[in-house]
Amino acid sequence: MWNFRGKTKTKLMLIVGGACVAAGCGLYVVVRGDPSQVLQLDYTTLMSHAKSGDVKEVSFDGARIAGELTSGAHFTGEVPNGATQAALADRLAERGIAVRFASSGGVDPVQVATTLVMAISLGGLLFVLVRKNPGAFGTEARKAVNLETSPVKFIDVDGVDEAKNELQEIVQFLKTPERFTRLGGRIPRGVLLVGPPGTGKTLLARAVAGEAGVPFYAISGSEFVEMFVGVGARRVRNLFAQARKAAPCIVFIDEVDAIGRQRGGPSNGHNEEREQALNQLLVEMDGFDQHATIVVMAATNRHDVLDEALLRPGRFDRRVTVDRPDIRGRRRILEVHTRGTPLFPDVDLHKVARGTPGMTGAELANLVNEAALSAAREGREEVRMADFETARDKVTMGVERTSAVMTEPERERIAIHEAGHALAAFRLPAADPVHKVSIIPRGSALGITMQLPDHDRNMYSREYLESQIAVLMAGRVAEERMLGSFASGSANDIERATSIARKMVRQLGMSRIGPVVCLERGAQGGRGDFLSEYSVHTELRIDEEVERILSDGLRTAQEIVGSDARALEALRQVLLEEETIDHARFACVVAAAGLEAA
Ligand code: ADP
Ligand code: MG
Ligand code: ZN
């Protein structure tokens with residue numbers, strides 16, 4: 001009969017409790033205030049009682065006095081006009097009489113009502129608090145931890161082979177701990193997964209649990225940020241208490257940087273909360289006995305902000321980097337996510353992978369989803385290559401602005417501008433080949449010239465960077481040449497070119513100043529003060545070199561645009577007509593204009 005489910009039980013207990021509090025308060029007032037047994041004392045009588053030591057205690061309530069004599073009789077009185085409560089209280093206290101400032105008058109309907117209202121609202125408030133923060137009051141401690149038996153396996157995570165290899169050992173340990181402990185091997189307690197968001201850290205942790213067939217306890221650091229002080233620490237304690245019982249198992253702490261930031265700093269509620277949770281976590285990890293088969297995994301994209309205490313031996317001393325996938329990794333991730341998707345024969349996942357450099361697993365999953373949506377929108381049963389193109393444009397460049405109203409002169413200017421970029425990219429041997437040119441505005445870009453490397457680039461040569469600057473300049477140069485002026489549309493190009501040039505001079509040693517790092521003053525990025533150790537003279541030379549690199553780029557662009565006017569004009573026309581051209585069409589147009597790639 002009392003077998004309520006957790007929540008109902010809690011609610012019931014709260015209601016009963018609230019009622020008791022309310023009734024108690026009411027009763028208290030009524031009993032204390034029964035006037036029939038109370039003496040009325042005037043001030044003089046009270047003071048003479050006080051002198052003779054007959055007064056046990058006195059309490060003040062505004063101008064009213066109430067109290068008890070040593071005989072046990074209750075009395076009331078009033079602070080006389082002209083005397084202050086404080087002065088009177090002092091004189092009583094001097095005689096060793098207990099003085100209180102509390103209300104204890106006769107039955108005052110108003111007071112009874114206020115007390116009741118207060119009791120009820122207090123109960124209500126408590127109820128709401130408990131509902132909103134279950135963990136805070138321990139009523140639903142179980143909710144603090146998300147237990148799952150993970151169905152995810154290593155084959156669901158791809159493109160992160162190195163991380164998978166490193167984690168293989170953890171799987172073995174969880175499966176057959178005896179094999180490791182027999183040999184006296186020290187098993188990593190804590191594994192820190194470090195990598196950009198969406199690269200599959202959470203997925204990997206779950207896959208480890210799935211492969212080993214052990215329970216997976218997950219908690220996210222960000223959950224601690226909005227809680228009351230002390231709650232986070234308790235959650236951590238709960239989590240590990242449960243994990244100990246369930247061992248072998250995995251405890252996963254997502255976004256560990258939210259709790260594990262360096263300690264110190266302004267002491268506000270959140271920080272204190274975090275520090276307590278962090279300290280508790282350290283205590284728990286140190287407290288593992290040698291044979292407990294619990295592996296704590298944590299994920300972060302900001303390991304640089306983590307408290308050093310977390311990284312000490314015996315804690316998160318194993319670090320596994322989870323990087324953005326390369327082209328082969330992307331292809332395999334696409335394969336994973338298209339397992340259940342009917343693909344039309346024209347779909348070439350390798351090509352899709354080639355067109356999505358820098359995308360994370362999460363972005364690729366999203367891409368596949370968008371492609372499927374695109375096919376569904378057109379009522380098709382299978383996903384085609386065109387759907388992937390649409391999806392990629394949408395994912396990388398924001399949704400196509402089909403409704404943007406462009407005037408004809410604006411379209412013309414954009415076509416010329418993009419033709420300039422594309423032409424320069426085509427003519428410069430070190431630049432990435434043109435993949436696509438479009439004058440359809442997307443997001444904040446009015447048009448776009450997409451270049452794609454033949455392979456993933458991990459390094460940039462000086463020639464490549466110089467070419468990139470020339471390509472960026474060429475949009476503006478083409479406008480100037482064909483329309484006699486340029487417009488504000490090049491602002492972003494100039495910004496990017498400038499930042500490349502600055503980087504070449506200041507960080508990459510690719511200027512006449514040579515291999516010296518001269519980061520901008522004030523931009524120390526936590527790497528110490530040495531970065532600003534260069535003279536004002538050097539500063540001037542930096543400016544000169546940046547200027548020189550940019551004007552060299554401008555000159556290169558002018559030469560290309562000036563010598564290939566026919567190709568430029570052909571591209572302008574095709575773009576105005578077709579709006580978007582791919583690399584094949586592009587190659588066709590420039591070839592027809594008599595150009596060959598340099
Ligand atoms: P992280 O924890 O690193 O931010 P998640 O593990 O939460 O990333 O990844 C989010 C989703 O993206 C996953 O559920 C999965 O669908 C997809 N994903 C990310 N990385 C990969 C990968 N390497 N292989 C397959 N899918 C991935
Ligand atoms: Mg995650
Ligand atoms: Zn441009």
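Let's start with Leu282, which sits in helix H10, the stretch covering residues 269–286. Everything here comes from a predicted model, so treat the numbers as computed from that prediction. The protein has 598 residues, with 21 helices and 14 strands, and there is a ligand to look at too, with 15 residues around it.

**Leu282 in helix H10**

- Is Leu282 buried or exposed? Leu282 is buried, because its relative accessible area is 7%, and the cut-off for buried is under 20%.
- Leu282 and Phe316 are 34 residues apart along the sequence, yet their C-alpha atoms are 9.9 Å apart in space.

**The protein as a whole**

- Buried residues account for 43% of the 598 residues.
- The accessible surface adds up to about 31300 Å², and carbon and sulfur atoms hold 54% of that.
- Take the contacts between residues at least 6 apart in sequence: 73% of them link residues at least 24 apart.

**Around ligand 1**

- Which residues come nearest to ligand 1? Out of the 15 around it, they are Asp158, Gly198, Lys201, Thr202 and His337.
- For Asp158, a polar backbone atom lies 2.7 Å from a nitrogen atom of ligand 1.
- Leu203 also comes in through its backbone: one of its N or O atoms is 2.9 Å from an oxygen atom of the ligand.
- Ala362 has a polar backbone atom 3.4 Å from an oxygen atom of ligand 1.
- On its own, ligand 1 has 550 Å² of accessible area, and the protein covers 78% of that.
- Three helices give two or more residues each to the shell: H7 (201–212), H12 (327–337) and H14 (361–377).
- Helix H7 gives the most, with 3 residues.
- Sorted by class, the shell has 6 nonpolar, 6 polar and 3 charged residues.
- Two domains each supply at least three residues to this shell, namely domain 2 (154–321) and domain 3 (327–396).

**His417 in helix H16**

- Further along the chain, His417 belongs to helix H16, which runs over residues 408–427.
- His417 counts as buried because its relative accessible area is 7%, with the limit set at under 20%.
- Which side chain makes a polar contact with the side chain of His417? That's Asp493, at 2.9 Å.
- Leaving aside residues up to four places away in sequence, His417 touches Gly475, Arg476, Glu479, Gly489, Ser490 and Asp493. Asp493 therefore turns up both in this list and as the polar partner of the buried His417.

**Asp432 in the loop after H16**

- Where does Asp432 sit? Look in the loop between H16 and strand S12 (434–438).
- Asp432 is a buried loop residue, because its relative accessibility is 6% and buried means under 20%.
- The side chains of Asp432 and Tyr464 are joined by a polar contact of 2.8 Å.
- Not counting residues up to four places away in sequence, Asp432 touches Ala425, Gln451, Leu452, Pro453, Arg457 and Tyr464.
- One of those, Pro453, is 21 residues from Asp432 in sequence, with 5.0 Å between the two C-alpha atoms.

Note on methods:
Residues numbered from 1 in each chain as written. Chains lettered and ligands numbered in written order. Predicted model: local features only at pLDDT ≥ 70, side-chain atom pairs only at ≥ 80, totals over all residues. Heavy atoms only, no water. Near = heavy atom within 4 Å. Polar contact = N/O pair within 3.5 Å; in protein donor to acceptor, adjacent residues only side chain to side chain. Areas by Shrake-Rupley, 256 points an atom, 1.4 Å probe, with all protein chains shown as cover. Helix = DSSP H or I, 4+ residues; strand = E, 2+ residues; numbered from the N terminus. Nonpolar A, V, L, I, M, F, W, Y, C, P; charged D, E, K, R; others polar. Domains from an automatic or database assignment. Buried < 20%, exposed > 50% of the residue type's maximum accessible area, 1.4 Å probe, protein only. Contact = heavy atoms within 4.5 Å.
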